[in-house]
Amino acid sequence: MLHNLILAKIALSGNKEKMSSDTIQFKIKDHLAIIHLNRPDVLNSFNREMALALQETLQSCDENEDIRAIYLTGNGRAFCAGQDLEEVVSEDGPDLTTIVAEHYNPVITQIRSIEKPVICFVNGVAAGAGANIALACDVVFASENASFIQAFSKIGLIPDSGGTYTLPRLIGWQKASALMMLGDKISAGEAERMGMIYKVVSASENGDVNEAVASAMKLSEMPTVGLGLTKRALNSSFTNSMGEQLMVEEKLQTLAGSTADYEEGVNAFLQKRKPEFKGR
Ligand code: T3D
């Protein structure tokens, strides 16, 4: 049973005021944080409130030592349709620079820098910033009826939310370039075949746990420090030479080897029992 439904607290940029927002739903099950984007009527497109609420929620996941993995998905039929285009045309809406600098860049930086696995389940269409937020996550599952659209070119924008960094590294420069320029819709199956996502899974029925949730639960019980250091090593591999990366591995393996979970893992193997990892 999922429990501990908490309305995310959001911090308005530039002041310390906190307010509740129901645009993000945040639950904790054992050691797993479960985050739902919750603006289903507009396909979970991002307005300022939801972007700030997501940042606040991710920050609390980072700070809470009991949380050892994060699962991100959307409510309703979509994962996320990117920027709320009604907001950008409203008179008091944020400008483009603010949207990128204060909404999307911090979210991508958090997803990549939190040293815990972030698992995304793309439950439906993921467009624009919504697609690139999903692709920034550590393990991306998608339901059979999900799809991905680099929708930016259709409205005269360039891909943001780390897309120009992430997508060519996932699927190669040529395919990334074509998808970003043409704005073609890619099915979940095609995304898996291209290496854009990890795996397509069946949508859960009657509340049954699907493979994405099961994998997230499993990751939340694994050696958290080791997984976090794996993420740190992968992050640095994008810009390092082989020699530099070998040095990173040497340093981070030493750190991983000093954890109680490493000791437990080795002992459990030798004693032929199931390990009980504590995330330390
Ligand atoms: O200034 C800036 O824009 C900076 C931001 C940059 C980052 C970005 O993310 S740019 C990309 C923004 N997103 C898009 O361009 C995608 C727009 N949406 C779509 O192309 C389609 O909705 C989808 C392909 C995602 C899904 O199509 P479909 O046919 O399944 O659904 P629909 O009928 O188009 O949408 C359902 C409702 O959601 C509809 O409202 P209604 O008619 O029921 O009242 C639609 O207007 C609303 N909706 C969908 N996407 C957005 C949206 N409302 C506001 N903003 C959206 N992005």
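Here are a few questions and answers about the ligand site and the largest pocket of this predicted model.

Q: What makes the pair between Q83 and the ligand a polar contact?
A: A backbone N or O atom of Q83 lies 2.7 Å from a nitrogen atom of the ligand. A polar contact is a pair of N or O atoms within 3.5 Å, so this pair counts.

Q: How do you know that L85 and A129 make polar contacts with the ligand too?
A: For L85, a backbone N or O atom is 2.9 Å from a ligand nitrogen. For A129, a polar backbone atom is 2.9 Å from an oxygen atom of the ligand. Both pairs meet the 3.5 Å cut-off, so both count as polar contacts. Taken alone, the ligand exposes 1000 Å², and the protein buries 63% of that.

Q: Which residues come nearest to the ligand, and what is the make-up of the shell?
A: R77, Q83, L85, L96 and A129 come nearest, out of 21 residues around the ligand. By class, the shell holds 13 nonpolar, four polar and four charged residues.

Q: Why is the largest pocket said to lie between domain 1 and domain 2?
A: Residues from domain 1 (2-220) and from domain 2 (224-270) both line the largest pocket, so it lies between them. The largest share of this lining, five residues, comes from α9.

Q: What else describes the largest pocket?
A: Its volume is about 690 Å³. The lining has 26 residues, with R112, C137, D138, L234 and F238 nearest the centre. By class, 16 are nonpolar, five polar and five charged.

Methods:
Residues are numbered from 1 along each chain as its sequence is written. This is a predicted model: local features need pLDDT of at least 70, side-chain atom pairs count only at pLDDT 80 or more; totals for chains, interfaces and linings use all residues. Side-chain values use heavy atoms; hydrogens and water are left out. A residue is near a molecule or strand if one of its heavy atoms lies within 4 Å of it. A polar contact is a pair of N or O atoms within 3.5 Å; within protein, one must be able to donate a hydrogen and the other to accept it, and residues adjacent in sequence count only if both atoms are side-chain atoms. Accessible areas come from the Shrake-Rupley method with a 1.4 Å probe; for residues, only the protein chains shown count as cover. Ala, Val, Leu, Ile, Met, Phe, Trp, Tyr, Cys and Pro count as nonpolar, Asp, Glu, Lys and Arg as charged, and the others, Gly among them, as polar. On a 1 Å grid over the protein atoms alone, a cavity is a set of points where a 1.4 Å probe fits but cannot get out, and a pocket is an open set with protein on both sides within 12 Å along at least five of seven lines; lining residues have an atom within 4 Å of a point. Grid points are joined across faces, edges and corners, and a volume is the space filled by probe spheres set on the points. Helices (H or I, at least four residues) and strands (E, at least two) are DSSP runs, numbered from the N terminus. Domain bounds come from an automatic or database domain assignment.
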